Amino acid sequence: MVSARRRIQAQTVAICSAALETDVVREVCAITGSQAVTVAIDVKNGQVWARGGTKPFHDSPSTPLGPVAWAREMERAGAGEMLLTSIDRDGTMVGYDLELIRSVSQAVDIPGVGRAKAANGSTETANSRTRAPGRPTRKTGSGSRSERPR
């Protein structure tokens with residue numbers, strides 16, 4: 001995965017279910033830099049799910065892992081950005097789960113993208129940054145997402 005990124009010179013490596021192995025995120029960040037690593041966090045019924053929403057992810061055998069705790073762990077592992085999906089809302093056309101987006105974005109300093117199909121007339125966009133108002137984006141050094149022109 002990482003060697004392929006280097007060959008094609010992709011700007012971002014997206015890590016989905018493999019991010020459940022925190023060491024994978026750390027290793028990829030060490031090779032590519034945090035600014036190039038986006039982790040996907042799928043949330044269903046208030047907990048993190050894996051394998052396309054088919055398997056709940058547990059912190060321990062009996063404790064479901066919440067999205068805020070997992071976002072913090074991914075930030076500690078070095079991820080530079082998140083892709084946050086509310087499985088409960090995806091495809092329902094009722095808009096984004098703004099409460100979920102706010103709770104996660106207020107807990108971490110890395111930027112993210114909220115993902116779902118929004119209803120017509122929604123004031124939010126699919127690429128809305130999850131940065132909470134009044135919280136500056138963390139600068140991670142030269143070439144970080146917060147410093148690059150869009």
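**Reading turns, strands and helices**

Reader: Which residue takes a positive phi in the hairpin of E2 and E3?

Author: Look at Asn45, whose phi is positive, near 55°, in a hairpin with two residues between the strands. Keep in mind that this model is predicted.

Reader: How many bridges join E2 to strand E3, then?

Author: There are three, and the two strands run antiparallel. One pair you can trace is Val43 with its bridge partner in E3, Val48. As a general idea, side chains in a regular strand alternate between the two faces of the sheet.

Reader: Which residue in the turn between E3 and E4 has a positive phi?

Author: That is Arg51, at about 55°, in a hairpin with four residues between the strands. E3 (residues 47-50) pairs with E4 (residues 55-56) over two bridges, again in the antiparallel sense. Ala50 has Lys55 in E4 as its bridge partner.

Reader: Now the helices, please. Where do the buried residues of H4 lie, seen down its axis?

Author: First the general idea: an α-helix has 3.6 residues a turn, so residues three or four places apart point the same way. In H4 (residues 98-107), the buried residues are Leu100, Ile101, Val104, Ser105 and Ala107. They fall within an arc of 160°, so they line one face of the helix. Their cover includes strand E2, helix H3, strand E7 and strand E8.

Reader: And is Thr22 buried or exposed?

Author: Buried, because its relative accessibility is 14% and the cut-off is under 20%. Thr22 belongs to helix H2 (residues 22-32). Leaving aside residues up to four places away in sequence, Thr22 touches Trp70, Glu73, Met74 and Ala77.

Technical notes: Residues numbered from 1 in each chain as written. Predicted model: local features only at pLDDT ≥ 70, side-chain atom pairs only at ≥ 80, totals over all residues. Heavy atoms only, no water. Buried < 20%, exposed > 50% of the residue type's maximum accessible area, 1.4 Å probe, protein only. Contact = heavy atoms within 4.5 Å. Arc of directions from axis to C-beta. Pairing = 2+ DSSP bridges.
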